[in-house]
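Ready for a walk through a protein model? Keep the picture open beside you and follow along.

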Amino acid sequence: MSQTEVVISRIKQMLSSGRLVPGERLPIEKDLAASLEVSRGSLREGIRALSTMGIIETRQGAGTFVTQLEPAELLSAMEFWVSLQEGEQAGEVHAVRRSLETEAAGAAARRISQEELERAEALLMVADTAINADPTDHETALKADMEFHRLIAEASGNRVLSALIEALSGRTLRGRMWRSTHDKVGLRDTHREHLEILRALRLQDPERARVRMASHLYAVEDYVRDIPPGALTDTDTPEIRTGGTTATTATARS
């Protein structure tokens with residue numbers, strides 16, 4: 001084990017044992033290096049690696065702190081890997097996403113609030129207006145689509161499930177934007193599928209919600225699989241801002 005790996009391993013042990021807790025400031029470099037029995041250079045390398053993982057953050061003039069260890073932050077690095085997947089591997093990513101979102105829909109049907117249902121309906125009304133505008137407002141339609149899926153994931157009440165879904169959605173988002181700019185029929189099909197999902201949520205019917213979400217995401221997988229080679233280019237991927245985040249994506253089935 002390298003000295004950098006020793007740093008990572010021992011800080012993780014400190015976290016799991018409760019010696020360090022989320023939000024806590026780490027000891028100064030000299031003291032921490034002595035405690036971990038590593039050089040200060042190795043400590044810096046380990047801290048950089050932990051920072052990349054979202055476990056540690058350095059605040060200018062304040063010191064180095066443990067983050068809040070939120071699932072969304074810790075899983076954010078996965079989004080980069082997902083964005084690189086093509087072909088068969090992309091299909092595997094979609095299959096995992098489908099399984100997770102299907103479960104999220106079932107969980108959401110059991111616990112979604114009236115306020116959340118009203119927000120979901122409002123998002124679909126925004127999408128409907130954007131789809132039927134002349135010309136079609138692709139960016140607004142996609143943003144509403146993304147927010148609809150995010151709302152359902154969050155309504156599941158499982159933060160880890162929600163964070164995993166968010167991390168796995170990147171490649172599919174590019175496919176959705178491509179469809180939104182090439183196939184208005186596809187946008188309307190997606191909107192109908194979303195309405196059926198919302199209906200299942202309103203009925204508080206977990207099994208119906210799972211079936212509707214799974215059917216919708218199978219359609220997404222089929223569509224993305226058939227996108228012509230080379231169609232998803234970085235130059236065609238606008239920035240879509242949602243929920244305080246920025247998704248760089250090229251696409252209209254979600």
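Before we start, one term: two residues are in contact when heavy atoms of theirs lie within 4.5 Å. Also keep in mind that what you're looking at is a predicted model.

Let's begin with R98, which you'll find in helix α6. Is R98 buried or exposed? Buried counts as under 20% relative accessible area, and R98 has 14%, so it is buried. Skip its neighbours within four places in sequence, and you'll see R98 in contact with A214, L217, Y218 and E221.

Now look for the largest nonpolar core, which has 20 residues. Which of them touch the most other members? Those are F148, I152 and L201. Several helices chip in here: α6 (87–111), α7 (114–132), α8 (138–155), α11 (184–202) and α12 (206–225) each supply at least two residues of this core. Zoom in on I152 to get a feel for the packing. Leaving out neighbours within four places in sequence, I152 is in contact with A104, A105 and A108, and also with I197, L201 and M213. Apart from this core there's another one, made of 18 residues, including I8, M14, L32 and A33.

Helix α11 deserves a closer look. With 19 residues, α11 reaches 27 Å from its first C-alpha to its last, close to the 27 Å expected at 1.5 Å a residue. Its buried residues include L187, H191, H194, I197 and L201. Just after α11 comes Q204, which takes a positive phi of about 55°.

Next stop: helix α3, residues 40–52. Its 13 residues reach 18 Å from first C-alpha to last, close to the 18 Å you'd expect at 1.5 Å a residue. Which residues of α3 are buried? They are S42, L43, G46, I47 and L50. These buried residues cover an arc of only 135° around the axis, so they sit on the same side of α3. What do they pack against? Their partners are two helices, α1 (3–17) and α2 (29–36), plus two strands, β1 (56–59) and β2 (63–66). After α3 you meet G54, whose phi is positive, near 85°.

Finally, have a look at the rings. How many aromatic pairs does the structure hold? Zero. There is still a ring worth finding, though: the charged end of R59 sits over the ring of F65, 3.9 Å from the ring's centre.

Conventions:
Residues numbered from 1 in each chain as written. Predicted model: local features only at pLDDT ≥ 70, side-chain atom pairs only at ≥ 80, totals over all residues. Heavy atoms only, no water. Core = buried A, V, L, I, M, F, W, Y, C linked by side-chain atoms within 4.5 Å. Buried < 20%, exposed > 50% of the residue type's maximum accessible area, 1.4 Å probe, protein only. Helix = DSSP H or I, 4+ residues; strand = E, 2+ residues; numbered from the N terminus. Expected span 1.5 Å × (residues − 1). Phe/Tyr/Trp six-rings, centres within 6.5 Å; stacked < 30°, edge-to-face > 60°. Lys NZ or Arg CZ within 6 Å of the ring centre and 35° of its normal. Arc of directions from axis to C-beta.
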